[in-house]
Amino acid sequence: MLIHNGLPVSALAEVLPFSAYHIMDLLWGLRSLGVVGLHHEDWLITPMGYLASRHYLRVQNFLLDDF
């Protein structure tokens, strides 16, 4: 979702090992936390979600840019 600036559930179901129903359940939970948002049919990472994602990647020792 970060790379593509949002994706619809149909695309997420093609790349994630979960059913579309399970993905929707996860997305609604993340939305309630303010991590993702829905714009038309695409799910997007919110600014807070972006910060949380970067923090998680940093803690897991992934390489990050200086942004």
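This is a selection-by-selection tour of a predicted model.

**Whole chain**

Start with the protein chain in cartoon view. There are 3 helices and 2 strands, and from the N terminus onward they follow the pattern α-α-β-β-α. Aligned on the principal axes, the C-alpha atoms fill a box of roughly 35 × 20 × 20 Å.

Now colour by relative accessibility. Of the 67 residues in the chain, 19% are buried. Switch to a surface: about 5,300 Å² is exposed, and carbon and sulfur atoms supply 63% of that area. If you draw a contact map, consider the contacts between residues at least 6 apart in sequence; 31% of these join residues at least 24 apart.

**Nonpolar core**

Select L7, V9, L12, I23, L27, V35, V36 and W43, and show the side chains. These 8 residues form the largest nonpolar core. Helix 1 (9-15) and helix 2 are the elements that contribute two or more residues to this core.

Keep the core displayed and centre on V9. Which residues does V9 touch, not counting those up to four places away in sequence? The list is A20, I23, M24, L27, E41 and W43. Of these, I23, L27 and W43 are also members of the core.

**Aromatic pair**

Next, select W28 and W43. A search of the whole structure finds 1 aromatic pair. A pair of aromatic rings is described by the distance of the centres and the angle of the planes. For W28 and W43, the ring centres are 5.3 Å apart and the planes stand at 90 degrees, so the geometry is edge-to-face; the cut-off for that label is over 60 degrees.

The two partners sit in distant parts of the chain, 15 residues apart: W28 belongs to helix 2 (residues 20-32) and W43 to strand 2 (residues 42-45). Is each ring's residue buried or exposed? W43 has 2% relative accessibility and is therefore buried, the limit being under 20%. W28 has a relative accessible area of 40%, so W28 is partly exposed.

**Largest pocket**

Turn on pocket detection, or select M1, L16, L27, L30 and I45. Among the 13 residues that line the largest pocket, these five lie nearest its centre. The volume of this pocket is about 310 Å³. Helix 2 gives the largest share of the lining, with 4 residues. L27 appears here as a lining residue and also belongs to the nonpolar core.

**Helix 3 and P47**

Move to helix 3 (residues 47-59) and select P47, which lies in it. P47 has 68% relative accessibility and therefore counts as exposed. Add L7 to the selection and draw a C-alpha to C-alpha distance. P47 and L7 are 16 Å apart in space and 40 residues apart in sequence.

**Two backbone exceptions**

Finish with the backbone torsions. Most residues other than glycine have a negative phi. Select N5, in the segment before helix 1. N5 is not a glycine, yet its phi is positive, at about 55 degrees. With 63% relative accessibility, N5 is exposed.

Then select N61, in the segment after helix 3. N61 has a positive phi of about 65 degrees, again without being a glycine. The relative accessible area of N61 is 68%, so N61 is exposed.

Key
Residues numbered from 1 in each chain as written. Predicted model: local features only at pLDDT ≥ 70, side-chain atom pairs only at ≥ 80, totals over all residues. Heavy atoms only, no water. Phe/Tyr/Trp six-rings, centres within 6.5 Å; stacked < 30°, edge-to-face > 60°. Buried < 20%, exposed > 50% of the residue type's maximum accessible area, 1.4 Å probe, protein only. Core = buried A, V, L, I, M, F, W, Y, C linked by side-chain atoms within 4.5 Å. Contact = heavy atoms within 4.5 Å. Areas by Shrake-Rupley, 256 points an atom, 1.4 Å probe, with all protein chains shown as cover. 1 Å grid on protein atoms, 1.4 Å probe; cavity = no way out; pocket = protein on both sides within 12 Å on 5 of 7 lines; lining within 4 Å. Points joined across faces, edges and corners; volume = space filled by probe spheres on them.
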